[in-house]
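Subject: Structure handover

Hello,

Please find the structure below, followed by notes on what was found in it.

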Amino acid sequence: MNRQQALQQIIAFGEQRDTAISTLAKFGWDPSFQVMSVDSQALLLVLTKYMSGVIDADDLELWANFIECRDELDYSDIEGYIYALADPELMGGISLANIEKMLTVLC
């Protein structure tokens, strides 16, 4: 698995995300990376996984924190959502009702 494949697994909250995290640790913080976009489609995918019970609120918060901390990821189109998910205590928490509101605005 290369850096982009690993990032894609994590962005999509894929089945190989644990392997992807280990893979990324091997690459370190090399400044010669290609920036990948995390867009509203990726966000919709992960929020849908939360709404269907595939992942929980802690998973969603960790995912958002990961997105925020990686220099290889451009999430500028969904920055407000990522901020809200990464700091849920500041934004009213992660709940089915709040995520449903996000989905309504996104769709």
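I start with F13, which is buried, with a relative accessible area of 10%. The cut-off for buried is under 20%, so F13 falls within that class. F13 sits in the loop between α1 and α2. Its phi is positive, about 50°, although F13 is not a glycine. F13 is also one of the residues that W63 touches.

Please keep in mind that this is a predicted model. Mean pLDDT for the protein is 90, with 95% of the residues at 70 or more. Broken down by element, the highest mean pLDDT belongs to α3 (96) and the lowest to α2 (87).

Nonpolar core

The largest nonpolar core has 32 residues, and those touching the most other members are V38, L60, W63, I67, L85 and I99. Each of α1, α2 (17-27), α3, α4, α5 and α6 supplies at least two residues of this core. Helix α3 gives the largest share, six residues.

Which residues does W63 touch, if those up to four places away in sequence are not counted? The contacts of W63 are I10, I11, F13, V38, L43, V46, I82 and L85. Of these, V38 and L85 are also listed among the core members that touch the most others.

Helix α3

Helix α3 runs over residues 40-51, 12 residues in total. From its first C-alpha to its last, α3 reaches 16 Å, close to the 16 Å expected at 1.5 Å a residue. At the N-terminal end, D39 acts as a cap for α3, with a side-chain oxygen 3.1 Å from the backbone nitrogen of Q41. Just past the other end, G53 has a positive phi of about 85°.

The buried residues in α3 are A42, L43, L44, V46, L47, K49 and Y50. Note that K49 is in this list. The buried residues of α3 pack against four helices: α1, α4, α5 (79-86) and α6 (96-106).

Helix α5

In α5, the buried residues are I82, A84, L85 and A86. They are covered by elements including α3, α4 and α6. Two of these residues, I82 and L85, are in contact with W63.

Salt bridges

There are two salt bridges in the structure. One joins R3 to E72, with the closest N and O atoms 2.7 Å apart. That pair links distant parts of the chain, 69 residues apart: R3 belongs to helix α1 (residues 3-11), and E72 to the loop between α4 (57-69) and β2 (73-74). The other is formed by the side chains of R70 and E72, at 2.6 Å from N to O. R70 and E72 are both buried. The two salt bridges share a partner, and R3, R70 and E72 are thereby joined into one network.

Is E72 buried or exposed? E72 counts as buried because its relative accessibility is 1%, and R3 is buried as well. The side chains of E72 and R70 are also joined by a polar contact of 2.6 Å. As general background, side chains of opposite charge can pair when their charged atoms come close.

The N-terminal region

M1 is in the segment before α1. With a relative accessible area of 39%, M1 is partly exposed. Leaving out residues up to four places away in sequence, M1 touches A6, Q9, Q16, T19, A20, T23 and F27. For T19, which is 18 residues from M1 along the chain, the C-alpha separation from M1 is 8.6 Å.

Q5 is a residue of helix α1. Its relative accessible area is 45%, so Q5 is classed as partly exposed. The C-alpha atoms of Q5 and I67 are separated by 15 Å, and the two residues are 62 apart along the chain. I67 is one of the core residues that touch the most other members.

Where to look

When you open the file, these are the places I would point to:

- F13, buried and with a positive phi.
- W63, a member of the largest nonpolar core.
- Helix α3, with the highest mean pLDDT among the elements and the largest share of the core.
- E72, which forms salt bridges with R3 and R70.

Regards

Methods. Residues are numbered from 1 along each chain as its sequence is written. This is a predicted model: local features need pLDDT of at least 70, side-chain atom pairs count only at pLDDT 80 or more; totals for chains, interfaces and linings use all residues. Side-chain values use heavy atoms; hydrogens and water are left out. A salt bridge is a side-chain nitrogen of Lys or Arg within 4 Å of a carboxyl oxygen of Asp or Glu. Buried means under 20% relative accessible area, exposed over 50%, partly exposed in between (1.4 Å probe, protein chains only). The expected span of a helix is 1.5 Å times one less than its number of residues. Contact means heavy atoms within 4.5 Å. A polar contact is a pair of N or O atoms within 3.5 Å; within protein, one must be able to donate a hydrogen and the other to accept it, and residues adjacent in sequence count only if both atoms are side-chain atoms. A nonpolar core is a set of buried Ala, Val, Leu, Ile, Met, Phe, Trp, Tyr and Cys residues joined through side-chain atoms within 4.5 Å. pLDDT is the predictor's confidence in each residue, from 0 to 100.
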